[in-house]
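Q: I have a protein model open. Please teach me how to read its strands, helices and cysteines.

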Amino acid sequence: MTFTPYNEEHELFRKQVRQFAEKELAPNVDQWERDELFPNWVFKRAGELGILGAHYPESAGGSGGDYWYSIAKSEELVRCGSAGVTMGLLVQSDMATPCIGELGTQEQIDEFLAPALRGEKIAALGVSEPGAGSDVAGLRTTARVEGGDYVINGSKTYITNGTRADFVTLLCKTNPDAGHHGISIILVPTNTPGFSVSKKLEKMGNWASDTAELFFDNVRVPKRYLLGQEGMGFIYLMQNFQSERLVGSSSALAGAFHALDRSLTWGRERHVFGKPLIKREVWQHKLADLYTKAEAGKALVYKAADAFNTDRYVRKGDISFETTKLIAMSKLFVGDVSSEIADQVVQFHGGMGYLEDLWVSRYYRDQRLFRIGGGASEVMKYMIAKISGW
């Protein structure tokens with residue numbers, strides 16, 4: 001049996017998230033996909049249900065749970081049937097905000113984090129740039145000090161929630177001559193003069209999630225919006241990435257399991273040459289292989305999640321190199337497995353799997369992002385090798 005530390009409270013939370021995904025989100029996702037945007041009330045409703053802040057301390061407006069609440073959330077949200085909706089919510093709770101919970105002053109928590117966990121303010125994480133994706137140290141957005149303010153200039157791209165975010169957790173260079181030691185994180189309200197959404201980006205998948213290019217033209221914010229220490233932003237982001245990659249791995253794998261289960265049900269009903277498709281030995285063997293790989297992925301993800309939970313919530317310290325390596329391995333392995341499963345699910349459905357009318361084509365194009373977003377698979381291999389001392 002796959003290792004799991006879920007207790008009764010975790011399971012009750014999981015049931016609540018599943019009901020939210022299946023009853024309140026799933027009936028609407030086809031329309032949201034056509035609209036290429038899900039409505040803002042989804043954030044508010046998730047906040048009301050305590051879904052966004054379950055693994056944050058009560059002092060930050062959360063429920064005081066451990067990280068397994070976040071894993072449970074990521075596994076159940078996929079049941080809504082839209083990776084775009086799942087992505088937007090996970091950015092809100094596990095990508096743009098964790099560093100505020102770790103580093104923020106009480107004033108920053110009250111102004112940014114607490115309303116984000118209530119779903120009242122929408123958050124975005126501003127890292128990638130047109131010339132700096134996985135190479136975070138190569139970013140060019142700058143923030144210079146003028147009196148008691150930072151003045152920010154530059155641009156960001158591939159920003160989830162970017163068209164409607166109320167604030168951006170922004171990575172920028174406060175000392176351009178210091179390399180990655182000159183990078184800081186600044187919280188930027190989007191109603192600040194000089195901020196603009198350059199354009200909404202059209203994507204292969206995740207249609208219901210808005211993705212934007214952002215522009216900063218002499219955006220002036222008070223120095224009190226600096227998160228943590230100046231020049232430590234790169235280190236903070238590397239820690240923050242671990243939560244992003246782990247919850248992404250959990251979500252992608254849960255989506256793969258869900259796709260396999262739905263395909264299995266369809267295979268029992270679909271008759272080919274006189275008997276159900278699932279009774280054809282070739283597909284029995286393929287599905288056996290895919291389920292086995294998915295279970296192996298789940299064991300790896302759960303091992304990484306247990307290590308992350310121990311580092312962050314039990315020891316209350318930084319994420320260790322060994323945990324970072326496990327998370328990179330999880331992302332790498334799940335990326336390959338989920339892509340293989342998506343390809344075989346299309347094949348299993350035949351011509352129907354190629355039609356937009358069926359969920360299969362959406363799943364196929366949506367899952368492809370995972371091997372790129374949050375650090376490409378090639379970056380994961382580099383990290384594994386570097387941490388291993390090769």
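The dialogue below takes these features in turn.

Q: What should I know before starting?

A: This is a predicted model: local features need pLDDT of at least 70, side-chain atom pairs count only at pLDDT 80 or more, and totals for chains, interfaces and linings use all residues. Residues are numbered from 1 along each chain as its sequence is written, and side-chain values use heavy atoms, with hydrogens and water left out.

Q: Which way do strand 3 and strand 7 run, and how many bridges join them?

A: Strands (E, at least two residues) and helices (H or I, at least four) are DSSP runs, numbered from the N terminus. Two strands pair if DSSP finds at least two bridges between them. Here strand 3 (residues 149-160) and strand 7 (residues 211-222) run antiparallel, joined by 9 bridges. Lys-156 has Leu-214 of strand 7 as its bridge partner.

Q: How many bridges join strand 6 to strand 7?

A: Strand 6 (residues 195-200) is joined to strand 7 by 5 bridges, again antiparallel. Lys-199 is partnered by Glu-213 in strand 7.

Q: How many residues of helix 10 are buried?

A: Buried means under 20% relative accessible area, exposed over 50%, partly exposed in between (1.4 Å probe, protein chains only). In helix 10, 21 of 29 residues are buried, and the helix is mostly covered. Helix 10 spans residues 321-349. Just after helix 10, Gly-350 has a positive phi of about 65 degrees.

Q: How many disulfides does a search of the whole structure find?

A: A disulfide is a pair of cysteine sulfur atoms within 2.5 Å. The search finds 0.

Q: Why does Cys-172 have no bond?

A: Its closest cysteine sulfur, in Cys-99, is 12 Å away, too far for a bond. Cys-172 counts as buried because its relative accessibility is 0%.

Conventions
The expected span of a helix is 1.5 Å times one less than its number of residues.
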